There are 2 protein chains.
Amino acid sequence: MTSANTKSNPDANKAILMVCDGLGDRPSVNGMTPLQAANTPHLDALCASGISGMLDIISPGIVPGSDTAHLALFGYDPYKNYPGRGVFEALGADIPLHAGDVAFRANFATVDKHLRVLDRRAGRKGSKELAALLDGLEIEDVKITLKNTTQHRCAVVMKGEGLSRYVSDVDSHVAGTLVQDCKPLKNGTAERKTARIVNTFIKLSYELLNEHQINAERRQKGELPANIILMRGAGTPEPITSLKERFGFSAACVAGASLYKGVAQYVGMNVLQVEGATGKADTNLKNKAEAALQALEEHDFVFLHVKDTDNHGHDGDFEGKKAIIERVDAELVARLKDADAYLAVTGDHSTPVTIKRHCSDPVPLLIHGNGVRTDNVTKFDEFSVASGGLNRLKGLDVMPILADFMGYYMMYGT
Amino acid sequence: MTSANTKSNPDANKAILMVCDGLGDRPSVNGMTPLQAANTPHLDALCASGISGMLDIISPGIVPGSDTAHLALFGYDPYKNYPGRGVFEALGADIPLHAGDVAFRANFATVDKHLRVLDRRAGRKGSKELAALLDGLEIEDVKITLKNTTQHRCAVVMKGEGLSRYVSDVDSHVAGTLVQDCKPLKNGTAERKTARIVNTFIKLSYELLNEHQINAERRQKGELPANIILMRGAGTPEPITSLKERFGFSAACVAGASLYKGVAQYVGMNVLQVEGATGKADTNLKNKAEAALQALEEHDFVFLHVKDTDNHGHDGDFEGKKAIIERVDAELVARLKDADAYLAVTGDHSTPVTIKRHCSDPVPLLIHGNGVRTDNVTKFDEFSVASGGLNRLKGLDVMPILADFMGYYMMYGT
């Protein structure tokens, strides 16, 4: 018999899962990773009095995206529960989604008059005003919602009859190439209709944006015009069993970047707005620590996300990655370590500064809290925790383990 | 979006996977395994500057065959992609296979006039001339190809309408028993037809071989006659996605024994002919090292197989196994360790000299190369690597991990 969602006792424990994006790395400067080189007394102390190990977020050798990685860490098999990136972008941008909607991740971009991409990100500068021009457009019977989230980034949602997520990306990811036609990925009416509307919308976005006064001003200032919308990562929301239904506990999300808010919302977390949580270098970690502690008062579980570790990995910036790790230790971990809650710390994948991309190298994991077995590891880094008491687990294992420590366990058999 | 076969950069890295057959062992002489007892300075040095761990080739407790083991090591789930041993034997013998063909592993054997097996291997001596007598025979509408590979070993392929791999082995594997009837393993026309043709062929082989002049001469010299063909391991080629299609890289095989060439060819490797690579004690390891290095110039990935470690395991010969391991270290590893490529070294299963058979004890694995995390292991043996940084992986994990190091990674999500 499966007894899911058993709340074992009314005084069940609480937990914080802190995910530092792209945390794992490979040895480089002085043969060390940024995490090894960083001064992290608080993480090390947690490691010494907790248990640690390595985590294959999806499976050994499989490189996780940030979206699939977080699904796995939240306990959802990404091969069974992946609705497409656009869904998370839309949810993270607070666009409500309903069955049948098709959501996209999108960028303001810069193209020439032949629709050749000059800059995929329009100089990393979007415009709420230009976004408003496109928001609410109707093509055939399909209504389009567009929201500019951060910088050049947007979320786009199409609502209408007979749409499909199985259409190709318009963004070729390579500057200098022509904007790609959106193509149906299955031979069906819904796929053909969706592709047709995407293509119409892309052209319409150019027509409405290219000559706009805002872009004239950008050109005058020597800035790149935001003169087209490029879309990718089509997705549709699928029915999913929430964390609360699966484990029985309430969960909150403290994150700056919208993708993570989107995944958290998708699995039923309460996404909190935190002043100064930007997902960038200027993010206010102290505010995030306070927000997490406050969230613990009304929730059983708090997911706390730090994005900037990953940014430095993609930029190949060893010192920057080391510095944000030290900030995480001093501003977040120092504050959270005495919370009356289990504390798990990990990454969602490795983004080594040496290769500037996600890779499948496993990430370190530590779990600290009442009754957790200890091991001999006293330093939280990729090398030390490999001999930790948790050995080598998978991303999908984390949530059931935490749920059991919390007292909300899934029992199989009697 | 799933981005399989993404080639991350044009300067992707290369890799060598060296498999020492039956490498793993159990403690025996002085409480040590042959690998522990062997003097292997080069393997130990790779271990010290690389990462190591244990590998369950299929799954803990499941004893791998050499064929399924190599499928797993090449990244193919042997429970989903096993076409039957005969397919690999035929491919390894350079007999082309097409859909619907049924291939068998076969032996020259010695039987008495009652078709009682006196020696399953005809004194381990085959005959190309006797093989030629049987090659090309037709029974009903089925054409039979037979090739004598090494010693008593043969590959047999049947081509014709409506054949099936689901027939039983004729070889009972036990001397003193009668040659077994080939029986249909499913109640279908194809199975009945295939079994009928096998039985006819077996009897025909006895009729054509028993009184042949070559066997008369063998008897005169006191040798066992090669007077029948025994068949087993029926298989049919199944459609399979090649390594190149799956991972994007080109691969070459350097091996002496035909089974391994067959598996390599099945997954799309370019099987190289190497002078002196025999798969036996007299194999020329130096030639294999040079062949592997040369193959690396035109391929991204090289699979290098050493058979003789397994032979000594089956013979229960501790000193022989230790000696071939030392030769591997001195003649292969010493030459390969400075190649500009990732180098992975492992076994396909354990063949302990104490039990003289394959067993499920995990095998040691080391991975060495640029950016690989290290651990504290400085000796490559079954005991030392158990505390290595790779922990305990499965055979199926090896290829995705190497592919990611090479830059031909499989990403799931964005």
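Two strands pair if DSSP finds at least two bridges between them; the exercises below apply this to a predicted model.

**Exercise 1.** Determine how many bridges join strand 4 of chain A to strand 16 of chain B, and in which sense the two strands run.

*Solution.* Pairing asks for at least two bridges. Strand 4 of chain A, residues 62-64, is joined to strand 16 of chain B by 3 bridges, so the criterion for a pair is met across the two chains. The two strands run parallel. Within this pairing, A:Val63 stands opposite B:Met411, a residue of strand 16 of chain B.

**Exercise 2.** Describe the side of chain B that touches chain A: how many residues it takes, which elements supply them, and how they divide by character.

*Solution.* Begin with the count: 22 residues of chain B and 30 residues of chain A enter the contact. Next, assign elements on the chain B side, where at least two residues each come from strand 15 (391-394), helix 13 (395-406) and strand 16 (408-412). Of the elements of chain B, helix 13 gives the most to this side, namely 5 residues. Finally, sort by character: the chain B side divides into 9 nonpolar, 8 polar and 5 charged residues.

**Exercise 3.** For A:Ala122 and B:Glu140, state the phi angle and the loop, and decide whether each residue is buried or exposed.

*Solution.* Most residues other than glycine have a negative phi. A:Ala122, although not a glycine, has a positive phi of about 45°, and it is found in the chain A loop between strand 6 (117-119) and helix 5 (128-134). A residue counts as buried at 20 or more other C-beta atoms within 10 Å; because A:Ala122 has 28 of them, it is buried. B:Glu140 likewise is not a glycine and has a positive phi, here of about 50°, and its place is the chain B loop between strand 6 (138-139) and strand 7 (142-148). The limit for an exposed residue is 12 or fewer such atoms, and B:Glu140, with 11 other C-beta atoms within 10 Å, is therefore exposed.

**Exercise 4.** Assess whether the radius of gyration of chain A agrees with that of a compact globule, and add what burial and contacts show.

*Solution.* For 414 residues a compact globule would have a radius of gyration near 22 Å, and chain A, with 22 Å, agrees. Along the principal axes its C-alpha atoms fill a box of roughly 65 × 55 × 35 Å. Chain A has 13 helices and 17 strands, and buried residues make up 56% of its 414 residues. Among its contacts between residues at least 6 apart in sequence, 71% join residues at least 24 apart.

Methods:
Residues are numbered from 1 along each chain as its sequence is written. Chains are lettered from A and ligands numbered from 1 in the order in which they are written. This is a predicted model: local features need pLDDT of at least 70, side-chain atom pairs count only at pLDDT 80 or more; totals for chains, interfaces and linings use all residues. Two residues are in contact if their C-beta atoms, placed from the backbone, lie within 7 Å. Helices (H or I, at least four residues) and strands (E, at least two) are DSSP runs, numbered from the N terminus. Ala, Val, Leu, Ile, Met, Phe, Trp, Tyr, Cys and Pro count as nonpolar, Asp, Glu, Lys and Arg as charged, and the others, Gly among them, as polar. The radius of gyration is taken over C-alpha atoms; the globule rule is 2.2 Å times the number of residues to the power 0.38.
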